[in-house]
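Trainee: I would be grateful for a close look at the backbone geometry of one part of this chain. Please treat the unusual torsions together with their surroundings.

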Amino acid sequence: MGNSMEQTSTFTSFDYQMMSRALQLARNGLYTTHPNPRVGCVICKNEAVVGEGWHEYAGGPHAEINALKAAGENAKHATVYVTLEPCCHHGKTPPCSDALVAAGVKRVVVAMQDPHKKVAGEGITQLQQAGIEVTTGLLESEAKALNPGFIKRMETGRPFVRSKLAMSLDGRTAMASGESKWITSAASREDVQRMRARSSAIVTGVGTVLADDPAMTVRLEGVNNQPLRVVLDTHLSMTDTASILKQPGKTIIMTCRDDAAARESLEKTGAEVVNIPSCGSKVDMEVVLDKLGQMEVNEILLETGATLSGSMLNAGLIDEMVIYMAPVLMGNKARGLFNLPGLDNMSQKIPLNITDVCAMGEDWRFTVQVSKQRLE
């Protein structure tokens, strides 16, 4: 990691305004940039905006390049606000640090250092060595919140796991019969579509596929990208007629069973079957996360039943839970939110941090993180 970043707290109100605008621009790529990060850039001269840009899609020009193109000659001696440290290595596109130096900018304000090992402070160092003033840390937490999956994958090799759950006011997710459509309102279901759209992959269990026959697709107007669909199927029991296999995009089935006939039947639909070691009687989720990280998956949306959600929660593999609570009661015979055996006394309770609560139509949406105390 580079250590040449200059930290400062002497930012002006105009600096805050421009970095806020850069973050707003970065959000335009929320559904389209993975496996790359979402990045925005604003170029100003004499406190006037002369160029803006964001990273629009993977393989396309980075935010700085788009902003420099918009600014043209006005970039000379200008201030650049960018939500992520400019890259300094050749990937699918040339280094942004080179472009900023060539444009003759005077100052670069960076929200956060790039966690990519090929950058990690080196982009900032290159700018400073070229005589450009670099300041960092402006709205850093907001910039990090925009790219939790990219950051985690760069730091650990694994994607960020977000679990989506819907429940009644008394904590139930389905009737005893398994009936669960619909607990929550149309507003909550539309919000789930937005979460799917920002995810690199949707992960579900074969039990959900067999019970509900879901499509697991994004159905939002103007959004064409479909995340990878991953089905955890320990015994390879999914049929080749499942709706999830008929949707646009790619489906991967991860299994512990080596059955040539079942594999061939599923692969004829276009699905990919991947063998994963078992952990007890289930697919080893740590191996699953490692493999998805190797496939450059940044954010996972986990849409599973109480058993898998509970085991992943217990294992500390869920980074964030988004829980939709509907103002209905479903009774004590209905199914619970998590299957968490072994919690027999209060000392074993799982502490959580609620980071956000908001109304979603007639429902409430809770964003929850597992307490660090629990993970330790």
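**The turn between two strands, and its context**

Mentor: Glu47 is placed in the loop between β1 and β2. The model is a predicted one, and its backbone torsions deserve attention at this point. Glu47 is not a glycine, yet its phi is positive, at about 55 degrees. Asn46 lies in the loop between β1 and β2 (48-54), and Asn46 also has a positive phi of about 55 degrees although it is not a glycine. Most residues other than glycine have a negative phi, and most peptide bonds are trans.

Solvent exposure completes the description of this pair. Asn46 counts as exposed because its relative accessibility is 76%, and the cut-off for that class is over 50%. Glu47 has a relative accessible area of 60%, so Glu47 is exposed.

On the other side of β1, the peptide bond also merits inspection. Pro35 is found in the loop between α1 (13-26) and β1 (40-45). A cis peptide bond joins His34 to Pro35, with omega at about 15 degrees.

For contrast in accessibility, one may turn to a loop residue elsewhere. Leu337 sits in the loop between β16 (335-336) and β17 (352-360). Its relative accessibility is 13%, and therefore Leu337 counts as buried. Leaving aside residues up to four places away in sequence, Leu337 touches Leu165, Ala166, Met167, Gly171, Thr173, Ala306 and Ile323. The C-alpha atoms of Leu337 and Arg365 are separated by 15 Å, with the two residues 28 apart along the chain.

Methods. Residues are numbered from 1 along each chain as its sequence is written. This is a predicted model: local features need pLDDT of at least 70, side-chain atom pairs count only at pLDDT 80 or more; totals for chains, interfaces and linings use all residues. Side-chain values use heavy atoms; hydrogens and water are left out. Helices (H or I, at least four residues) and strands (E, at least two) are DSSP runs, numbered from the N terminus. Buried means under 20% relative accessible area, exposed over 50%, partly exposed in between (1.4 Å probe, protein chains only). Contact means heavy atoms within 4.5 Å.
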